[in-house]
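Here is a short tour of how nonpolar residues are arranged in this protein, from the inside to the surface. Have the coordinates open as you read.

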Amino acid sequence: MTLTEKDSQYLWHPYTQHKTSQTPIAISRGEGALLWDENGKEYIDAIASWWVNPFGHSNKFIADAVYKQLTTLEHVLFGGFTHEPAVKVAEKLIEILPKNQQKIFFSDNGSTAVEVAIKVALQYFFNKNEKRTTIIAFENAFHGDTFAAMAASGISFYTQAFQGMFIDVVRIPVPTKGQEQASFDALTNVIQNHNCAGFIFEPLVQGAAGMVMYKPEALAKLIQICAANKVLTIADEVMTGFGKTGKTFAMDYVSEVPDMICLSKALTGGTIPMAITTFTQDIFDAFYDDDINKALFHGHTFTANPTGCAAVLASIDLLQTAEMQANIERINASHLEFQKKIENHSKVITARTLGVIFAVEIKSDSEESYYGAMRTKLYNFFIENGVVLRPVGNIVYILPPYIMTNEQLQKVYKTIEEAIEMV
Ligand SMILES: *Cc1c(COP(=O)(O)O)cnc(C)c1O
């Protein structure tokens, strides 16, 4: 049996209707921005393997740090024990995060980072004997697939089977251009009519919604409204963190600071599953008590895994090199040029860029659904041409590893231009 035949016998893939989907491509090797399948066909990974891999596949610097850690202390339980890699990660993050972030809590993936933040928001008020149980989130948000994260997510595709089983979430419009006032008004209205504990948002870019972008000034205003009403704010930087928007964090563009931040994806440079939720001292203090019942009773077996921590430290080192910062600027400049070139094309509705993120919306005669016909046609065209891109309906986005060469980038652009002509 071939690898793909064995795969179809034993495996269940994420977000996949196995009856109608094509067989998956078996990838045997990755290096830099490139992947190779079992037949030796080469692909450019133009979405950094679901936004996790900024420094390239099989990165030697991270691999060396991980090997060293694996042969020193691969894992130890974090209940009652601590270790240097965890402390160093905390120190490093506190140095680079918005200044009010003072406490670091580890988990294993973006969904759990969000799950922890939402549980903390709810228990924060429980511990203070205040009845606040509503969470506010944006329309079309994506925060993950565990229950609270799913409740906060607005994409019905992912959540429809579970309607009626969720914590209380109220949705407000995203303050995209022209929608700012509607978003502010909706937030004020929700806060007046519900007992709100927290507001969770993807800062500046909603990834899974199709790289929907909005301005830092609008987010600052929403945070101000929450702060004035003592509603805790949660910046879900799982996608935007670690350079994707051109700054280390999307919140670095915003004049206000959030109460909590969720991190994962590029946290370990795309090597080891790990996530972190960060908090202000004020939030930590609401759990700090002689009463054990006020503690945060949440944890995962692999919490603060030292090997994962070693990957985090190596990744942040790479991100902070002048070379990597120059790469981010180079890709941004290149995207802006490509945007100018195609935004007036008759088949393009709009194009947008922030940092290394680029998205283009393609005109379509029919209503395009998330996994609709146009999406499939585009996806297959890209794969045939050796480019990994996963369109969201009629939106094609690029989120390349920062080490992608100009030549590779040009090939990605050219393939997108051809795809626009083709559909
Ligand atoms: C991907 C993502 C998540 C979920 O992360 P997982 O690691 O897939 O659980 C949460 N929030 C945002 C903004 C994401 O992009």
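Let's start inside this predicted model. The largest nonpolar core has 110 residues, and the members that touch the most others are Leu93, Leu389 and Ile416. Helix H11, residues 306-319, supplies the largest share of this core with 8 residues. Where does the core sit relative to the two domains? Because domain 1 (3-58 + 321-422) and domain 2 (62-319) both contribute residues, the core lies between them.

Ile416 is a good residue to select in your viewer. Leaving aside residues up to four places away in sequence, Ile416 touches Phe338, Val360, Phe382, Leu389, Val396 and Ile398. There is also a second, separate core of 29 residues, and among its members are Phe105, Tyr124, Ala149 and Ala151. As a general background, nonpolar side chains in soluble globular proteins tend to be buried together.

Two methionines make a handy pair to look at, one buried and one exposed:

| Residue | Place | Relative accessible area |
|---|---|---|
| Met374 | helix H13 (residues 373-384) | 9%, buried |
| Met1 | segment before helix H1 (3-10) | 61%, exposed |

Met374 counts as buried because its relative accessible area of 9% is under 20%. In space, Met374 and Lys363 are 10 Å apart, C-alpha to C-alpha, with their positions 11 residues apart in sequence numbering.

Met1 counts as exposed because its 61% is over 50%. On the surface, Met1 joins Tyr10 and Leu11 in a nonpolar patch, and together these residues have about 390 Å² of accessible area.

Definitions and conventions: Residues are numbered from 1 along each chain as its sequence is written. This is a predicted model: local features need pLDDT of at least 70, side-chain atom pairs count only at pLDDT 80 or more; totals for chains, interfaces and linings use all residues. Side-chain values use heavy atoms; hydrogens and water are left out. Patches are made of residues with over 30% relative accessible area and no salt bridge: like charges are joined within 9 Å, nonpolar side chains (Val, Leu, Ile, Met, Phe, Trp, Tyr) within 5 Å. Accessible areas come from the Shrake-Rupley method with a 1.4 Å probe; for residues, only the protein chains shown count as cover. A salt bridge is a side-chain nitrogen of Lys or Arg within 4 Å of a carboxyl oxygen of Asp or Glu. Helices (H or I, at least four residues) and strands (E, at least two) are DSSP runs, numbered from the N terminus. Buried means under 20% relative accessible area, exposed over 50%, partly exposed in between (1.4 Å probe, protein chains only). A nonpolar core is a set of buried Ala, Val, Leu, Ile, Met, Phe, Trp, Tyr and Cys residues joined through side-chain atoms within 4.5 Å. Domain bounds come from an automatic or database domain assignment. Contact means heavy atoms within 4.5 Å.
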